[in-house]
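Reader: Got a minute to go through this one with me? Pull it up and we'll start with how far to trust it.

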Amino acid sequence: MKPEIGRPESLPPGVRRAVYAVFCWTNRNPRFWRLLGWVLRRWPVLSHLVPFAARRSAVQQVLTRPRSFSSTSHTPNLIAGDYLIGMDPGPRYDADRQLFDAVLSQVRPTLRQAADVEAAARIAGLAGVARHDSFDLIEDYLAWVVYAGIQPAFADAAGDIVGGARNARPDEETTRNYLREIKYVAGHLFAGRLAPLEVRQRAEVGAASLKARAHKGLGRLAAAWPGASGIGRNALLRNTVGLAWVSHPVTAQSGALAFQELLGRPGVYAELRDQAGQLGASVWTDAGFRREVRLHVLELMRFRPIFPLLARDVPRATEFESGARTNPKCPAGGSLTVLSIAASFDTHRMADADRFCPHRRWGSEADMQYMMFGYGDRRCPAREEAVDMITSAFVGLLTLPELTWADRWGARIRYDGPLISRMRLRTLRRA
Ligand code: HEM
């Protein structure tokens, strides 16, 4: 096979590793994508050389033409089998989406409270630890808050899916294993075709054991999920496994990225902590404070999205409107990269897009506030719930004394490919 950058599997192993390392670096540095977006918006003619959609109008247009720019770009990276996110529109997509929406609407009424309760309990435990020692933001906190919010979606089958003794609540170690497994499966979607062999292998192992356990829970899910009794075991398995890996890791990681962004804005952090301090015990029930934290979470995520770009397959030859005098061509069988982060920083459409401004009046650009969840029909259907869980986690964190990095500069965050694997924090010891 002729080596091509667009076909990483055809590259020699050394080159492929180097490309993967560069990709991981860019993912951790959203400013790089913002800069590239700025360049492509300023000189759209360059889109003929670098076929990326960067203008807000181009991004919107591409993401609302699912027949020309297909989500099947995700399919080869779905190591646990096909799922909504990689399907083309059609009857199977519609049926799976209907099931997803029904399951989500069952969880919605309890999700926030479950996340709040878990956050408050974990924070009580961490308050002492953070003073003398450090804790891992994801493994010791965010992962549990998100787990508490989303796990009721699996109803009585939750124990089967996570593992451990039948009819018993899985213990913490078993749950940690499950969370690691779904992280590897989700991680493969990020790494995509660039994934090195070991990343692919562990994702395959994780997917296989997740599927094996999910099998055991299918009977219970068929009874618990609205409309699931008549859909067939394969469809039920596909949706169970898909929901497990699509929901948790990306939300926990996104929460960590948002907190990383907050730590880089000490004035904003201090202001939110002051407000939390004034509220005391009512921090969990004050609607105004909750709204304030939520707006901050959204703005922090805009600056540090987990998916700064999205990919789309091009099934048949087409063009996209980059803003250049002639449209860049998209050959059949190729793919197009959509710089969604660049769209939410498009100053042509919103003059202050570069400013950190949680209280911005979005007006007619309101959908830009959620660009980190995609756009159009395929936008994340759980975006409000995801922001709710991260907001609960943030409310808890804001009640702690000021947090800072536990590790020295350069080692503050450890990565596992494009994902965060370690992010330890401790309270600031003032002299
Ligand atoms: C902060 C957390 C999250 C972020 C940043 C996020 C981001 C995204 C993005 C960008 C897409 C669109 C992908 C594309 O257009 O190619 C998407 C799709 C999707 N997300 Fe999320 N997501 C999050 C949490 C969740 C959660 C908690 C769930 C499940 C409860 C979920 C379920 C889905 C599903 C099923 C799709 C596919 C929708 C479709 O194609 O119809 N996501 N997500």
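**Confidence and packing**

Author: Residues 1-5 stay under 50 in pLDDT (the predictor's confidence in each residue, from 0 to 100), and the model has six contacts for them beyond four places in sequence. A contact means two C-beta atoms, placed from the backbone, within 7 Å. Where pLDDT is low, the predicted coordinates should not be read in detail.

Reader: So it's a prediction. What are the ground rules?

Author: Yes, this is a predicted model: local features need pLDDT of at least 70, side-chain atom pairs count only at pLDDT 80 or more, and totals for chains, interfaces and linings use all residues. Residues are numbered from 1 along each chain as its sequence is written.

Reader: What does the protein chain average in pLDDT?

Author: The average is 93, and 97% of the residues score at least 70.

Reader: Switching topic: which residues does Val 145 contact?

Author: Beyond its neighbours within four places in sequence, Val 145 contacts Ala 115, Glu 118, Ala 119, Arg 122, Met 389, Ser 392 and Ala 393.

Reader: Anything odd in the backbone?

Author: Ala 155 isn't a glycine, yet has a positive phi of about 45 degrees. Most residues other than glycine have a negative phi.

Reader: Is Ala 155 buried, exposed or partly exposed, and why?

Author: Ala 155 is partly exposed, because 16 C-beta neighbours lie inside 10 Å; buried takes 20 or more other C-beta atoms within 10 Å, exposed 12 or fewer, and partly exposed is in between, with C-beta atoms placed from the backbone.
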